[in-house]
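Open the model in your viewer and keep the sequence panel in sight. The tour goes from one selection to the next.

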Amino acid sequence: MASWATLSPSIVEYFEGEDFYRCGYCKNESGSRSNGMWAHSMTVQDYQDLIDRGWRRSGKYVYKPVMNRTCCPQYTIRCRPLHFQPSKSHKKVLKKMLKFLAKGEISKGNCEDEPMDSTMDDAVAGDFALINKLDIRCDLKTLSDDLKESFESEDMKGKNSKKEESSELIQSQDVEEKLGSGEPSHLVKVHTVPKPGKGADLSKPPCRKAKEIRKERKRLKLMQQNPAGELEGFQAQSQPPFLFPPKAKSNQPKSLEDLILESLPEDASHKLEVRLVPVSFEDPEFKSSFSQSFSLYVKYQMAIHQDPPDECGKTEEIAFTRQLHEKASQLSYYYMGFYIHSCPKMKYKGQYRPSDLLCPETYVWVPIEQCLPSLENSKYCRLNQDPEAVDEGRCKEPDRLRVFHKKAIMSYGVYKKHQKDPSEEAAVLQYASLVGQTCSERMLLFRN
């Protein structure tokens, strides 16, 4: 945008009314609505201010969705890269990409690249089964004690009561045999009636979490592999074998730069290169790099179709923004275009945290976590929770708006004195309300 006119001010031509066209998200033939204008020239600062009021561009056409009337409301989203932490899925995508760059291999499904998921599921299932068995054993012991006490206290009540107690003892023995035979714990049903007046038995070991049981199983496995070394370690710490040693210092997670800038072998099958070129379709270097980038995009989309094609690229762009921030501190946000909560293919942008959404009424940034509950209930909603808040950047003095008319720059207050068409004022006021006071005083509105 800046290459159009680096030193000249922004010159825009506003199109009155709303544009109706086919929605590319829900395929509604005329449901998408927006306001638009043609930018004959535009400065970086003006475009930045327009983005912060919900505008976006496609080439030289700059548009703003009519949020409360369009079929798929498009909320401007930006990420705070200085505090960004890649999620587990982001790391998996980066590993796939690095594997492709290093060896040229393409992952087939999730079984080969994600063995820990299935292992963890089995481990968790085993832990819950072990917990069920331990709980049942505790219940059986309590049941046996209760039966013994009732047998002693009701010894003289007759043969019928003895038969019932003996049948309960036989039932408990059958349950113990089932547990010993390895039968799944969920098939064993034990009905115990709590005895009134008794609390927790302090003589019994306290219940343990699945995480603790999993650690103990791992420790016992290590002891079986190297009994001498493990026993020496426990004796030196004066702890019994079933207790855990002190926790080791947790490893620091890899930063985003470490994951992306991981060294590739010298004989890598592919390489990744980032180049900055002038944004001008007349520039031959730009044409060459654009065609190469588009070709790579198509190949990536076809090769790794399981993942959204933009996902890996956005992670790298976030890291690039962090590098640029070291050189220019004002570059502290990464704008990801529009977030469309009603479109499943566009919701992946919300996974890059921390991120903010732009309120369509007050034009303030709101953390996306606070916006999601409201968006679940309605496609369009006011994201700012303060009911008293208003648009601070709204156009309060339209006469100060700048107009470019017959090669002359003038204020709108001067321009409207020479115009007799009353309908023109409605279009100018609509333009001023959409761009705000700051941009209306800085940009030039072209009028015939």
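**Cysteines**

Select the cysteines: the count of disulfides (pairs of cysteine sulfur atoms within 2.5 Å) comes to 0. Cysteine 343 is in no disulfide, and the nearest cysteine sulfur, that of cysteine 72, is 6.6 Å away. Cysteine 343 has 7% relative accessibility and so counts as buried; buried means under 20% relative accessible area, exposed over 50%, and partly exposed in between, with a 1.4 Å probe and protein chains only. Cysteine 79, at 0%, also counts as buried.

This is a predicted model, in which local features need pLDDT of at least 70, side-chain atom pairs count only at pLDDT 80 or more, and totals for chains, interfaces and linings use all residues. Residues are numbered from 1 along each chain as its sequence is written, and side-chain values use heavy atoms, leaving out hydrogens and water.

**Strands**

Next select residues 32–41, strand β2. Strands (E, at least two residues) and helices (H or I, at least four) are DSSP runs, numbered from the N terminus. In β2, 8 of the 10 residues are buried, so the strand is largely enclosed by the rest of the structure.

Add β1, residues 11–21: 8 bridges join it to β2, and the two run antiparallel. Look for tyrosine 14 opposite methionine 37 in β2. Then add β4, residues 61–65, which is antiparallel to β2 and joined to it by 5 bridges. Here tryptophan 38 stands opposite tyrosine 61.

**Helix α5**

Finally select residues 210–225, helix α5. Which of its residues are buried? Ala210, Ile213, Glu216 and Met223 are. They cover an arc of only 140 degrees around the axis (taken from the directions from the helix axis to the C-beta atoms), which puts them on the same side of α5. Turn to the face away from that buried side to find the exposed residues Lys218, Lys221 and Gln225.

Key: The expected span of a helix is 1.5 Å times one less than its number of residues. Two strands pair if DSSP finds at least two bridges between them.
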